[in-house]
Amino acid sequence: MRRRPYGPDAWLADGVESPAAWAEALRAMGIPGVEEIVPAESTVVVRCTRDRHETIGDVLDRVVPADRPGNTATPLTIDVVYDGPDIAELASTARISVDDVIRLHATGSYEVAFCGFSPGFGYLRGVDRRLHIPRRSTPRLSVPAGSIGVAAGYTCVYPSPSPGGWYLIGHTTTTLWDADQDPPSRMLPGRPVRFRRVPA
């Protein structure tokens, strides 16, 4: 892990092997002056008070994620109708059948690696390697909320209508972002997620 100042009131930890676990370990340390911890794909941004900036930077070198036998966060189960407009194209690109796409996706064990792109948009790792394909060459200008996507080694659920270039393989009616709830997102880094196939 490498750290460097990210402005006068933050640090960037780079090359972090498991950002969600690292962020959890830092959070558990309860360090005064740490205001926000934001894990990403291989980095973590630590926002802090300016008066504690240098002290907190030194602490980052001592963060050690716990060696846990498994994730203890409450799993989130999402019901999915596998009727997405790109499921046949994904199957063809991956050189497997549509039934295989559904089976591989619905039986996978996932975890929210990090959030980004739009509020409540979680990047879920754990996708079977047979479904690791790049994003679509031409993104859509609008993807409906609840769409289930697969691309670049991740799967996702679009929490709100937005542009997007992922292969859409299904949809869910589960609400994942509600600004009136606390927290507003059900996709939190480190949370385990399961997809459950349901009929249309």
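**Loops, cores and long-range contacts in a predicted model**

Arg95 is found in the loop that runs between H3 and H4. In this predicted model, Arg95 adopts a positive phi of about 60° although it is not a glycine, and with a relative accessible area of 79% the residue is exposed. Ala152, which belongs to the loop between S9 and S10, likewise is not a glycine and has a positive phi, here of about 55°; its relative accessibility of 39% places Ala152 in the partly exposed class. A further backbone feature occurs in the loop between S12 and S13, where Pro183 lies: the peptide bond joining Asp182 and Pro183 is cis, with omega about 0°.

Turning to the overall fold, the protein chain comprises four helices and 13 strands. Its radius of gyration is 18 Å, close to the 16 Å that the globule rule gives for 200 residues, and the chain is therefore as compact as a globular protein of that length. The C-alpha trace extends over about 55 × 35 × 30 Å along the principal axes. Of the 200 residues, 43% are buried, and among contacts with a separation of 6 or more, 60% are made by residues 24 or more positions apart. The accessible surface amounts to about 10,500 Å², with carbon and sulfur atoms contributing 50% of this area. The chain carries 22 positive and 23 negative charges, and the mean positions of these two sets are 4 Å apart.

The largest nonpolar core contains 25 residues, within which Ile78, Met187, Val193 and Phe195 have the most contacts. Two or more residues of this core are supplied by each of strand S5 (76-80), helix H3 (87-94), helix H4 (98-106), strand S6 (110-115), strand S9 (147-151), strand S12 (167-171) and strand S13 (192-197). A second core, separate from this one, has 16 residues, including Ala23, Ala25, Leu26 and Ile31. When residues up to four places away in sequence are not counted, Met187 touches Leu76, Ile78, Val112, Cys115, Gly120, Gly122, Leu124, Val157, Leu176 and Val193. Within H4, the residues Val101, Ile102, Leu104 and His105 are buried, and the elements covering the buried residues of this helix include H3, S6, S9, strand S10 (154-157), S12 and S13.

Contacts between distant parts of the sequence are illustrated by Val80 and Asp83. Val80 is part of strand S5 and, at 0% relative accessibility, counts as buried. Although Val80 and Gly170 are 90 residues apart along the chain, their C-alpha atoms are separated by 6.3 Å; neighbours within four places in sequence aside, the contacts of Val80 are with Ile148, Gly170, His171, Phe195, Arg196, Arg197 and Val198. Asp83, by comparison, is located in the loop between S5 and H3 and is partly exposed, since its relative accessibility is 43% and the partly exposed class lies between 20% and 50%. The C-alpha atoms of Asp83 and Gly170 are separated by 4.6 Å, with their positions 87 residues apart along the chain, and outside its neighbours within four places in sequence Asp83 is in contact with Ile169, Gly170 and His171. Gly170 and His171 thus appear in the contact list of Val80 and in that of Asp83.

Note on methods:
Residues are numbered from 1 along each chain as its sequence is written. This is a predicted model: local features need pLDDT of at least 70, side-chain atom pairs count only at pLDDT 80 or more; totals for chains, interfaces and linings use all residues. Side-chain values use heavy atoms; hydrogens and water are left out. The radius of gyration is taken over C-alpha atoms; the globule rule is 2.2 Å times the number of residues to the power 0.38. Buried means under 20% relative accessible area, exposed over 50%, partly exposed in between (1.4 Å probe, protein chains only). Contact means heavy atoms within 4.5 Å. Accessible areas come from the Shrake-Rupley method with a 1.4 Å probe; for residues, only the protein chains shown count as cover. Lys and Arg count as positive and Asp and Glu as negative; His and the chain ends are not counted. The place of a charge is taken as NZ of Lys, CZ of Arg, CG of Asp or CD of Glu. A nonpolar core is a set of buried Ala, Val, Leu, Ile, Met, Phe, Trp, Tyr and Cys residues joined through side-chain atoms within 4.5 Å.
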